[in-house]
Amino acid sequence: MDEIITLKKFADIDLSDVFFDSLKKDYKEFENWFFKKSKEGCKAYVQYNNNKLQAFLYLKNESGEVLTDVTPNRPARKRLKIGTFKIDAHNTKLGERFIKKITDVALYIKADEIYVTIFPQHIGLIRLLQRYGFNKEGTKGEELVLVKNMKILTGNLIKDFPLLTTTGKRKFLLSIYPKYHTRLFPDSILQNEENKKYDLIKDISYTNSIHKIYISFIEGTKQLKRGDLIAIYRTKDEQGPARYRSVITSICQIEEVKTNKDFADIDDFISCTNYYSIFEPQELIQWYNKKYCIVLKMTYNIALTKRVTNGYLVDEMNLTPDYWGFFELTDEQFYKILKQGEIDESVIIN
């Protein structure tokens with residue numbers, strides 16, 4: 001498993017690490033800036049692998065400030081600045097995890113936009129940012145100014161992440177057994193503001209991935225299409241009855257649906273499914289040969305603040321499906337789930 005992302009004081013980060021050489025080269029004032037942040041007690045998100053620094057992210061809340069040092073100037077807004085962001089150039093998945101961390105913080109401070117200034121030569125990082133909705137909106141000297149609007153949808157579900165619309169979308173409930181749910185969506189249910197603040201600091205690799213791959217053996221899931229919304233329903237564990245222990249925890253959006261027959265061979269299947277899934281190669285090999293093996297690739301848009309229990313679904317929503325594994329929800333049912341789950345409403349743009 002990947003090393004975790006942690007929030008660490010500047011004072012506890014080794015500035016002499018070779019990881020920072022390119023930043024020192026690009027920004028003559030970088031060392032002075034780093035020491036200043038260190039004295040101010042500031043923190044940055046970092047990730048190490050075998051004690052080697054792989055990523056560094058500093059975020060700053062610049063809400064209410066007019067940006068006069070960029071061309072054109074930008075008016076005062078609730079704004080999150082990516083102050084410094086560098087990742088291992090070859091680690092795309094790690095970059096995606098940091099994008100999720102950035103958007104988590106932006107949602108928490110209810111930012112209207114996120115922006116970053118970046119030199120044009122950092123092509124890999126620019127492509128990563130653009131993939132998730134950052135667009136060139138100006139310049140700052142020789143740097144580009146890239147901005148992600150957190151209030152407007154483009155219609156591209158990857159660029160729009162984590163935002164989504166429920167209008168005109170099909171909605172479904174999909175059951176996942178606890179042993180797989182815990183690996184794919186580790187418990188990060190937020191009970192209060194203090195826990196939410198903590199969740200921005202703690203990191204579990206799979207929780208912090210934007211994309212999820214789940215292998216389904218429910219034939220009906222083959223009908224799913226890009227853009228469909230999925231309420232993830234964790235079935236009961238051994239700690240109590242279903243009405244209390246079976247719960248909706250998350251909302252995902254379908255990116256792609258394939259069957260085992262859509263892959264050239266077993267190696268192609270494993271290569272595709274192992275990247276974002278929580279399954280071991282041995283499991284994948286076993287499942288590849290099953291009659292109905294459906295690969296669901298999803299974006300992980302919303303973790304419900306409050307679990308929506310089976311008891312609520314039955315008693316308050318009168319849900320009595322013949323099969324709880326997978327079924328379509330009406331708009332009204334889906335909205336009730338969102339309301340009961342106390343989701344961050346700024347994620348939904350209708």
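Begin the tour by selecting Lys 110, which sits in the loop between helix H3 (92-108) and S5. The model on display is a predicted one. Lys 110 has a phi near 60 degrees, a positive value in a residue other than glycine. With a relative accessible area of 43%, Lys 110 is partly exposed, because that class lies between under 20% for buried and over 50% for exposed.

Next, select Asn 51, placed in the loop between S2 and S3. Here too phi is positive in a residue other than glycine, near 65 degrees. Is Asn 51 buried or exposed? Its relative accessible area is 73%, and Asn 51 is therefore exposed.

**The sheet**

From Asn 51, extend the selection to the two strands on either side of its loop. Strand S2 (residues 43-49) and strand S3 (residues 52-61) are paired in the antiparallel sense, over 5 bridges. In general, strands of a sheet pair through backbone hydrogen bonds, either parallel or antiparallel. To see one position of this pairing, display Gln 47, which stands opposite Ala 55 in S3.

Now display the whole sheet. It is an open sheet of 7 strands with mixed pairing, and the order to follow across it is S1-S2-S3-S4-S5-S7-S6. Which strands form the edges? They are strand S1 (5-9) and strand S6 (135-140), each of which pairs on one side only. Averaged over this sheet, neighbouring strands are turned by 30 degrees against each other, direction ignored.

Keep the sheet visible and add helix H4 (residues 123-131). This helix lies across strand S4 (79-87), strand S5 (113-118) and strand S7 (143-149). Relative to S4, helix H4 runs at about 140 degrees.

**Two cis peptide bonds**

Select Thr 71 and Pro 72, which are joined by a cis peptide bond with omega of about -5 degrees. Pro 72 belongs to the loop between S3 and S4.

Then move to Phe 161 and Pro 162, where another cis peptide bond is found, with omega of about 5 degrees. The loop that holds Pro 162 is the one between helix H5 (157-160) and strand S8 (171-176).

**A pair of helices**

Select helix H9 (residues 266-273) together with helix H10 (residues 281-288). These two helices pack at an angle of about 130 degrees, and their axes are 10 Å apart. H9 and H10 are therefore oblique to each other, and H9 passes H10 in a right-handed crossing.

Show the side chains where the two helices touch. Which residues of H9 take part in the contact with H10? From H9 come Ile 266, Phe 269, Ile 270 and Thr 273; they meet Pro 281, Leu 284, Ile 285 and Tyr 288 in H10. By class, the residues of this contact of H9 with H10 comprise 7 nonpolar, 1 polar and no charged.

**A buried asparagine**

For the last stop, select Asn 310, found in helix H11 (residues 310-315). Why does Asn 310 count as buried? Its relative accessible area is 10%, and Asn 310 is buried because the limit for that class is under 20%. To see its surroundings, display Tyr 233, Ala 242, Arg 243, Ser 246 and Trp 324, which Asn 310 touches when residues up to four places away in sequence are not counted. For contrast, return to Asn 51, which is exposed, with a relative accessible area of 73%.

Note on methods:
Residues are numbered from 1 along each chain as its sequence is written. This is a predicted model: local features need pLDDT of at least 70, side-chain atom pairs count only at pLDDT 80 or more; totals for chains, interfaces and linings use all residues. Side-chain values use heavy atoms; hydrogens and water are left out. Axes are lines fitted to C-alpha atoms, for helices over the stretch in contact, and angles run from 0 to 180 degrees between N-to-C directions. Helices (H or I, at least four residues) and strands (E, at least two) are DSSP runs, numbered from the N terminus. Angles under 35 degrees count as roughly parallel, over 145 as roughly antiparallel, 65 to 115 as roughly perpendicular and the rest as oblique. A crossing is left-handed if the near helix is turned anticlockwise from the far one by less than a right angle, and right-handed if clockwise. Contact means heavy atoms within 4.5 Å. Ala, Val, Leu, Ile, Met, Phe, Trp, Tyr, Cys and Pro count as nonpolar, Asp, Glu, Lys and Arg as charged, and the others, Gly among them, as polar. Buried means under 20% relative accessible area, exposed over 50%, partly exposed in between (1.4 Å probe, protein chains only). Two strands pair if DSSP finds at least two bridges between them.
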